Amino acid sequence: MKSFKVGTFNLRNLVLPNHRYYGNDVYSDEEYQKKKDWTRSQLDKMDAEIIGFQEVFHKAALEDVLNGTPLAGNVIVLGETGQSPTVGLASSFSLVSPPESVENIPAEILDIFLALPAEYAKFSRPVLKAKLA
């Protein structure tokens with residue numbers, strides 16, 4: 001069996017420059033470049049073949065960070081609006097089937113928590129499900 005490294009990375013609001021997020025927050029071109037460079041240096045240290053990302057506002061920003069890396073060809077962000085964060089995935093492996101966005105917590109899990117209110121039946125950020133080869 002081949003081994004590979006998997007990682008997760010919270011991008012803490014990866015937003016393209018000059019786009020408003022959370023009301024009045026905006027990255028200048030300089031701030032965006034610094035964030036991009038720092039993020040890229042951390043990802044280089046991770047040296048992972050599969051990375052899950054949190055707090056992606058713009059897929060283009062994640063693609064920009066990953067440009068020129070082995071992960072650049074397979075960047076997935078589902079449900080992107082630019083108005084609120086979502087999750088993403090990048091991998092040096094190819095996709096076997098289209099990725100899915102899982103919004104509802106599986107019934108098998110909810111059954112464990114019998115008294116859980118209905119508003120807790122959904123993930124706050126949908127889970128990204130992908131099959132890689």
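How many residues apart in helix H1 are Glu30 and Lys34, and about how many helical turns separate them? The two residues are four apart in helix H1, so about one helical turn lies between them. The model considered here is predicted. Its protein chain holds three helices and six strands, and the briefing below treats the overall build, the helices, the salt bridges, the backbone and selected sites.

**Overall build**

- Read from the N terminus, the elements of the protein chain follow the order β-α-β-α-β-β-β-α-β.
- Along the principal axes, the C-alpha atoms of the protein chain fill a box of roughly 50 × 50 × 25 Å.
- The protein chain has 133 residues, of which 32% count as buried.
- About 8,400 Å² of the protein chain is exposed, and carbon and sulfur atoms supply 53% of that area.
- When contacts in the protein chain between residues at least 6 apart in sequence are considered, 61% of them join residues at least 24 apart.

**Helix H1**

- Helix H1 comprises 18 residues, 29-46; at 1.5 Å a residue it should span 26 Å, and the 26 Å between its end C-alpha atoms agrees with this.
- Tyr32, Lys35, Lys36, Thr39 and Leu43 are the buried residues of H1.
- These buried residues lie on the same side of H1, because they cover an arc of only 100° around the axis.
- The partners against which the buried residues of H1 pack are strand E1 (6-14), strand E2 (50-56) and helix H2 (59-66).
- The other side of H1 carries the exposed residues Glu30, Lys34, Trp38, Asp44 and Lys45.

**Helix H2**

- In H2, the buried residues are Ala61, Leu62, Val65 and Leu66.
- Their arc around the axis is only 130°, which puts them on the same side of H2.
- Packing of the buried H2 residues involves E1, H1, E2, strand E3 (75-77) and strand E4 (86-91).
- Gly68, which has a positive phi near 85°, follows H2.

**Salt bridges**

- Side chains of opposite charge can pair when their charged atoms come close.
- Five salt bridges are found in a search of the whole structure.
- One of them joins Glu30 to Lys34, with 3.4 Å between the closest N and O atoms; both Glu30 and Lys34 are exposed.
- Arg40 and Asp44 form another salt bridge, in which the closest N and O atoms are 3.8 Å apart. These two residues are also separated by about one helical turn, because they are four residues apart in helix H1. Arg40 has a relative accessible area of 25% and is therefore partly exposed.
- In helix H2, Lys59 and Glu63 are four residues apart, about one turn of the helix, and they form a salt bridge whose closest N and O atoms are 3.9 Å apart. Lys59 is partly exposed at a relative accessible area of 26%, and Glu63 is partly exposed at 37% relative accessibility.

**Backbone with positive phi**

- Most residues other than glycine have a negative phi.
- Tyr22 is not a glycine, yet its phi is positive, at about 50°. Tyr22 belongs to the loop between E1 and H1, and with a relative accessible area of 47% it is partly exposed.
- Asp47, likewise a residue other than glycine, has a positive phi near 50°. Asp47 follows H1 and sits in the loop between H1 and E2. With a relative accessible area of 51%, Asp47 is exposed, because the cut-off for that class is over 50%.

**Nonpolar surface patch**

- A nonpolar patch on the surface is formed by Ile109, Ile112, Phe113, Leu116 and Tyr120, which together have about 510 Å² of accessible area.
- Within this patch, Ile109 is part of helix H3 and counts as partly exposed at 40% relative accessibility.
- Leu116 occupies the loop between helix H3 (107-112) and strand E6 (122-129); its relative accessible area of 35% makes it partly exposed.
- The C-alpha atoms of Ile109 and Leu14 are 31 Å apart in space, and the two residues are separated by 95 residues in sequence.

**A buried site in strand E4**

- Thr86 is located in strand E4 and has 6% relative accessibility, so it counts as buried, a class that requires under 20%.
- Beyond its neighbours within four places in sequence, Thr86 contacts Phe53, Gln54, Glu55, Val56, Val77, Leu78, Glu80 and Arg125.

Technical notes. Residues are numbered from 1 along each chain as its sequence is written. This is a predicted model: local features need pLDDT of at least 70, side-chain atom pairs count only at pLDDT 80 or more; totals for chains, interfaces and linings use all residues. Side-chain values use heavy atoms; hydrogens and water are left out. The expected span of a helix is 1.5 Å times one less than its number of residues. Buried means under 20% relative accessible area, exposed over 50%, partly exposed in between (1.4 Å probe, protein chains only). The arc is that of the directions from the helix axis to the C-beta atoms. Contact means heavy atoms within 4.5 Å. Patches are made of residues with over 30% relative accessible area and no salt bridge: like charges are joined within 9 Å, nonpolar side chains (Val, Leu, Ile, Met, Phe, Trp, Tyr) within 5 Å. Accessible areas come from the Shrake-Rupley method with a 1.4 Å probe; for residues, only the protein chains shown count as cover. A salt bridge is a side-chain nitrogen of Lys or Arg within 4 Å of a carboxyl oxygen of Asp or Glu.
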